[in-house]
Amino acid sequence: MIIDTLDNLGNYVTLNPLFGEVVAFLKSHDLSSLEAGKYPIKGDELFVNIQVAKGKTAEEAVVETHRKMVDIQVPISGSETYGFTPAALLPEAEYDESKDMTLLPGAQKQSFVTCGKGMFAIFFPQDGHAPCITSATELKKAIFKVKA
């Protein structure tokens, strides 16, 4: 997991060659003006989902993992807190290959981090994360899905 400011996202392009495409997209698009939906960037290897999600409490937020994709999550409308637990410490659960997602309701979150405006969180396949924790009723956010 990586937490940083958007100004520093370019420092991480050596971790995945597609991260440079994310940086280019952010430079050429105003995330706050995009409607909710899926925006392809490079086929199935890289796209961004703009979501308006219901805010959740830490208890309501469900830990999830992905096997094929890396998430770069960018809160747009306010701060977002994420629960975190290394996937190696999570119990076995059913993997949905069509959604590239394992959901682990009831799994404990080991720690919490918060991203404010102008920040991002990168979650790799080894990072269990519980998104959408906020006191706001709704949260607009961008989730870049990057092939691992």
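Strands here are DSSP runs of E at least two residues long, numbered from the N terminus, and helices are runs of H or I with at least four residues. With that naming in hand, welcome to a quick tour of this predicted model. An open sheet of 6 strands is covered by helix α1, and the largest nonpolar core counts 23 residues. The largest pocket, with a volume of about 450 Å³, draws at least two lining residues from each of β3, β5, β8 (101-104), β11 (127-133) and β12.

**The sheet**
- Reading across the open sheet, the order is β1-β10-β5-β12-β3-β2, and the pairing is antiparallel.
- β1 (2-5) and β2 (37-42) are the edge strands; each has a single partner, so one side of each has no neighbour in the sheet.
- From one strand to the next, the twist averages 20°.
- Strand β5 (residues 69-75) and strand β10 (residues 119-123) run antiparallel and are joined by 3 bridges.
- Within β10, I122 is the residue that stands opposite I72.

**Helix α1 and the cores**
- Helix α1 (residues 19-28) lies across β2, β3 (46-54), β5, β10 and β12 (138-147), and its direction makes an angle of about 140° with β12.
- In the largest nonpolar core, the residues that touch the most other members are L31, I72, I122, F144 and V146.
- Two or more residues of this core come from each of α1, β3, β5, β10 and β12.
- The largest share, 4 residues, is given by α1.
- I72 is worth a look in the viewer: leaving out residues up to four places away in sequence, I72 touches F19, V22, F120, A121, I122, A142, I143, F144 and V146.
- Another core, of 7 residues, lies apart from the one just described and includes A61, L90, L104 and A130.

**The largest pocket**
- The lining of the largest pocket is made up of 22 residues.
- Nearest the centre of this pocket are E64, H66, K99, M101 and K145.

**Two backbone angles to check**
- D100, in the loop between β7 (95-96) and β8, has a phi near 50°, a positive value in a residue other than glycine.
- The relative accessible area of D100 is 7%, and buried means under 20%, so D100 counts as buried.
- C132 is not a glycine either, yet its phi is positive, at about 75°; this residue sits in strand β11.
- C132 is also buried, with a relative accessibility of 7%.

Technical notes. Residues numbered from 1 in each chain as written. Predicted model: local features only at pLDDT ≥ 70, side-chain atom pairs only at ≥ 80, totals over all residues. Heavy atoms only, no water. Pairing = 2+ DSSP bridges. Axes fitted to C-alpha atoms, helices over the stretch in contact; angles between N-to-C directions. Contact = heavy atoms within 4.5 Å. Core = buried A, V, L, I, M, F, W, Y, C linked by side-chain atoms within 4.5 Å. Buried < 20%, exposed > 50% of the residue type's maximum accessible area, 1.4 Å probe, protein only. 1 Å grid on protein atoms, 1.4 Å probe; cavity = no way out; pocket = protein on both sides within 12 Å on 5 of 7 lines; lining within 4 Å. Points joined across faces, edges and corners; volume = space filled by probe spheres on them.
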